[in-house]
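User: Please take a close look at the ligand site in this model. I would like one connected account of what lines it.

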Amino acid sequence: MEERSAGTAADGKRARGRVGARATGGTPLVALSQVAAAPVARLQTGIGELDRVLGGGLVPGSLVLLGGSPGIGKSTLTNMALGNIAGAGHKTLYVSGEESAEQVRLRAERLQASALEVPVMAETDLDAVLDTIASHAPRVCVIDSVQTLRCGELSGAPGSVGQVREVAARIMDLAKARSIAVVLVGHVTKDGALAGPRVLEHLVDCVLQFEGERERPYRELRALKNRFGSTNEAGLFEMRQGGLVEVLDASARFVAEATHAPGSVVLAAMEGSRPLLVEVQALVSPSELEQPRRVVSGLDRNRLALVLAILGRHGGVGLGSHPPYDVFVNVVGGVRIDEPGVDLAIALAVASAAKGVALNGSPCGCFGELGLTGELRWVGHPERRLAEAARHGLSVVHAPAGSGQGAHEASTLRAALSVALPSGRTRPASVAA
Ligand SMILES: Nc1ncnc2c1ncn2[C@@H]1O[C@H](COP(=O)(O)OP(=O)(O)OP(=O)(O)O)[C@@H](O)[C@H]1O
Ligand SMILES: [Mg+2]
């Protein structure tokens, strides 16, 4: 059963108006080229990484949904953005349904000085919030969070499907009518999906996901949907005492931290249009379980299963049985890699861990996708990946054929393994473990 609010009189009038229009021949149509469209002036949040993920800044009248696990830094990020916008002389409003005004102030004290200029409203009643937004007329408004607001006309608890849908729809109406950019902070469920109805994601213009490991300071911001920009961009932050700090040269940091030990390889990945070097680590150890473990962090679990199968069938590195081996693969730094170029990194890291030897010329870099028949496939932007690797002093980069100058090219997984792994007798994983 799903609760909805009964249509108001205005809705009825609108519906009747529509029927009337049809009877008189409908609305005159215009070609797209004749539609007047003023260039949108985006509002910079002053946080470069956030602006980049948004596609250049906030679009007036748009709704942005920001999701993320508890305590990841959603309120910090929105506080900082509002602070910058207020500092630039625009009207802002921070609506907090979760924390009291004092709590919001305490957090703002950690941040830049202008964060304290933002007007805050601690309120959960939707009508009161809408009234305040309408009278205060901010350029940008943050609702933290959409799940805590309550529409009095519905009896459901805040956060229920009906409530969230109604709250978002009413805020959207106001935002579009007054050209206010609204950022809705949303909760995520245990498995990381945005809580609440899927319809919320359809409704808003932009869905941002803020993720990272609680224990690590790195946080990653991605766009899952963006009506005003690409969804390929990702922004990297570090949580510090003074708030979130943009990580501008993440590659340098990750390469400096790389261990170069057996089981370690540097992946030259692409994060949207930007190359990023990250360390991929693997550990292979005999399992006590009948069903050996396959544990990943920062990667897709199915991807590991696929690469292990290809390694066993076409790379001569079998980890399945007699004795079975547990395999752990980790992208260091709490970054999540979602691109096909990671395959070769997983394969090299696991092979190196299984044999208990460091890769030749370590630290070495790599990228490439594996095909099911053991071939190494070309992936996008090889020249940018290679340039990034060279910039950070990686002289050896294993890559698919056709990647260009400076790469150690190979056309199959077997060929890549034979170049990357030291020849001669190697310790089997059981001894290494
Ligand atoms: N003084 C500090 N130094 C460094 N990090 C801090 C400090 N104070 C708080 N943090 C970090 O900020 C996080 C809280 O940030 P924030 O309140 O923005 O998260 P949130 O995503 O809004 O959480 P919630 O889901 O509870 O609303 C804490 O988990 C902690 O990691
Ligand atoms: Mg919060």
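Analyst: What follows covers the shell around the ligand, then a buried arginine.

The model is predicted. Ligand 1 is surrounded by 13 residues. Lys 74, Ser 75, Thr 76, Arg 107 and Gln 241 are the closest. By class, the shell holds 5 charged, 5 polar and 3 nonpolar residues.

Three elements each supply at least two residues of this shell: helices α3 (74–87) and α4 (101–110), and strand β8 (234–240). Of the contributors, α3 gives the most, with 3 residues.

Now the polar contacts. Two involve the backbone. A polar backbone atom of Gly 71 is 2.9 Å from an oxygen atom of ligand 1. For Lys 74, a backbone N or O atom lies 2.8 Å from a ligand oxygen atom. Arg 110 uses its side chain instead: one of its polar atoms there is 3.0 Å from a nitrogen atom of ligand 1. On its own, ligand 1 has 650 Å² of accessible area, and the protein covers 66% of that.

Next, Arg 219. This residue sits in strand β7 (residues 218–226). Is Arg 219 buried or exposed? Its relative accessible area is 5%. The cut-off for buried is under 20%, so Arg 219 counts as buried. A polar atom of its side chain lies 2.7 Å from the backbone oxygen of Ile 72. Arg 219 also touches Gly 71, whose backbone makes the 2.9 Å approach to ligand 1 described above. Other residues that Arg 219 touches include Phe 210, Glu 211, Glu 213 and Arg 214. Gly 235, Leu 236, Phe 237 and Met 239 are also among them, and these four positions fall within the range of β8 (234–240).

Definitions and conventions:
Residues are numbered from 1 along each chain as its sequence is written. Chains are lettered from A and ligands numbered from 1 in the order in which they are written. This is a predicted model: local features need pLDDT of at least 70, side-chain atom pairs count only at pLDDT 80 or more; totals for chains, interfaces and linings use all residues. Side-chain values use heavy atoms; hydrogens and water are left out. A residue is near a molecule or strand if one of its heavy atoms lies within 4 Å of it. A polar contact is a pair of N or O atoms within 3.5 Å; within protein, one must be able to donate a hydrogen and the other to accept it, and residues adjacent in sequence count only if both atoms are side-chain atoms. Accessible areas come from the Shrake-Rupley method with a 1.4 Å probe; for residues, only the protein chains shown count as cover. Ala, Val, Leu, Ile, Met, Phe, Trp, Tyr, Cys and Pro count as nonpolar, Asp, Glu, Lys and Arg as charged, and the others, Gly among them, as polar. Buried means under 20% relative accessible area, exposed over 50%, partly exposed in between (1.4 Å probe, protein chains only). Contact means heavy atoms within 4.5 Å.
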